[in-house]
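Colleague: Please take a close look at one part of this model for me, the strand pairing. I would like to know who pairs with whom, and then what is covered and what is not.

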Amino acid sequence: MEEIDFDIVIVGAGPAGSSAAHEAARNGSSVALLEKESVVAETVRTSGVTWIKDAQSFGIPEDCYNPIKNYSFCSPSNTVTISDDVAKAAVLDVRKTYRHLAKQAQESGAKLFVDTNVTDVITDEQKKPIGVIAKSADKEIKFNAKVVIDCSGFQSVIGKMLGLVTQWERFGVGAEYEAEVEKVDSETWWLMVGQEYTPAGYAWIFPLGNNIVRIGVGVGKPESDVDPTERLKEIIKKKLGPIKKLGKITPIEFHYGLIPNDGLSRKTVFNNLILVGDTAGQANPLVLEGIRYAIKFGRIAGEVASNAIKNKKTDEKALYPYEANWRKAIESKINSAGKVQDRWIGLSDKEWDKELDIIKELKTDEFLDFIKADFGLSNMVKLAMNHPKLAVRQLFNLVKGK
């Protein structure tokens with residue numbers, strides 16, 4: 001068995017793993033970035049909705065995303081569009097973005113190992129992880145490390161192997177086609193809600209530019225037993241709502257993925273081990289997007305781990321600043337968004353029609369803060385004061401936890 005020594009081994013070359021690798025390598029650590037697929041982002045599992053301000057702050061090139069300035073929603077008997085003069089949301093070219101992040105990590109000095117599947121975790125006598133064993137092509141490699149970072153996504157490979165985490169109880173299942181269509185407004189997204197589209201979730205049309213869109217369905221589990229793939233085929237065949245405006249739909253590629261929806265329920269730092277991204281449950285429950293969290297907290301994890309190695313102390317206390325950082329940044333916001341999601345899951349079609357009337361009351365920035373789960377308490381008080389409708393007050397009282 002081949003044996004290689006690194007300061008840090010990172011499992012998964014998605015946005016969390018590549019970002020952690022980039023920051024750790026930039027900070028002077030030797031880093032192995034392990035990816036089970038033969039190339040980074042060989043399989044696309046997400047629609048890649050994010051926000052332009054975040055993309056710019058991460059240095060993601062403009063050719064990696066399509067800007068969105070109109071946010072349209074439809075329920076069975078209602079339609080609302082909130083527009084802005086400036087695009088603030090973005091639909092990522094997921095494959096191009098992930099490969100950009102992986103290249104950035106390599107340019108910083110991280111070593112990328114593709115087609116490398118972790119089969120076991122190496123632990124010391126105190127059960128602390130000190131590396132992994134992985135199969136690459138026809139050989140096994142032992143990667144020794146001072147810190148292991150689990151960025152393996154929904155499956156939480158390292159955490160499960162060590163018995164530190166169990167499978168997510170609540171999660172979203174998404175199915176989508178990337179397709180060429182006859183007609184589309186490239187600056188407008190659509191979110192579609194109601195029982196005919198999908199129970200306990202939403203359907204979407206996300207434009208990528210050049211008459212390419214992603215049409216998808218997300219279903220919450222265990223709240224619904226609907227198969228998102230079958231429901232996606234049904235709503236396209238029926239040309240429901242705004243889908244009929246697309247004209248002829250020619251599928252290019254099919255995507256299918258899982259995203260945790262248990263909130264921030266996991267501890268994310270153990271002795272010599274850090275969990276980041278979907279592995280840590282870092283996802284916005286309102287629209288189940290988490291790429292910005294994966295990149296941001298991946299970078300922080302890489303920095304904290306490399307600093308701990310410099311200080312020759314990689315125990316839980318030394319790595320905890322990573323968890324303290326993300327908890328301070330998003331814990332209260334995600335918890336508040338979870339309360340809104342719990343309310344949304346139980347809405348009937350008629351109630352969704354009324355809910356869109358609430359959304360229509362919001363200004364663009366208010367709406368974006370809301371849908372991004374950017375719920376500062378001061379934001380919510382201001383919103384409740386500015387919108388006199390009782391329904392709006394009730395909504396934001398719920399967000400504040402009253």
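Modeller: Two strands count as paired if DSSP finds at least two bridges between them. Keep in mind that this is a predicted model.

I start with the open sheet. Its three strands come in the order β4-β8-β5, and their pairing is antiparallel. The edges are taken by β4 (49-51) and β5 (65-68); each has a single partner strand, so one side of each is left without a neighbour in the sheet. From one strand to the next, the twist averages 35°. The contact between β4 and β8 (residues 89-92) consists of three bridges in the antiparallel sense. Within β8, A90 is the residue that stands opposite T50.

Strand β13 (residues 147-150) is a separate case, and its pairings are parallel. Strand β2 (residues 8-11) pairs with β13 over four bridges in the parallel sense. Strand β20 (residues 273-275) also runs parallel to β13, joined to it by three bridges. V148 appears in both pairings: V148 is the bridge partner of V9, and V148 also stands opposite L273 in β20. As for the side chains of β13, V147 and I149 point one way while V148 and D150 point the other way. Burial does not separate the two sets, as all four are buried.

Cover is also the main point for helix α1 (residues 15-26). Eleven of its twelve residues are buried, which leaves the helix mostly covered. Among the buried ones are P15, S18, S19, H22 and E23, along with alanines such as A16, A20 and A24. The length of α1 is in order too. The expected span is 1.5 Å times one less than the number of residues, so the twelve residues of α1 should span 16 Å, and the end C-alpha atoms are indeed 16 Å apart.

For contrast, turn to the surface. F254, Y256 and L258 make up a nonpolar patch there, and together they have about 250 Å² of accessible area. L258 lies in strand β18 (residues 249-260). Its relative accessible area is 30%, so L258 is classed as partly exposed; that class covers values between the buried limit, under 20%, and the exposed limit, over 50%.

To sum up the pairing, the sheet of β4, β8 and β5 is antiparallel, whereas β13 runs parallel with β2 and with β20.

Key
Residues are numbered from 1 along each chain as its sequence is written. This is a predicted model: local features need pLDDT of at least 70, side-chain atom pairs count only at pLDDT 80 or more; totals for chains, interfaces and linings use all residues. Side-chain values use heavy atoms; hydrogens and water are left out. Axes are lines fitted to C-alpha atoms, for helices over the stretch in contact, and angles run from 0 to 180 degrees between N-to-C directions. Patches are made of residues with over 30% relative accessible area and no salt bridge: like charges are joined within 9 Å, nonpolar side chains (Val, Leu, Ile, Met, Phe, Trp, Tyr) within 5 Å. Accessible areas come from the Shrake-Rupley method with a 1.4 Å probe; for residues, only the protein chains shown count as cover. A salt bridge is a side-chain nitrogen of Lys or Arg within 4 Å of a carboxyl oxygen of Asp or Glu. Buried means under 20% relative accessible area, exposed over 50%, partly exposed in between (1.4 Å probe, protein chains only).
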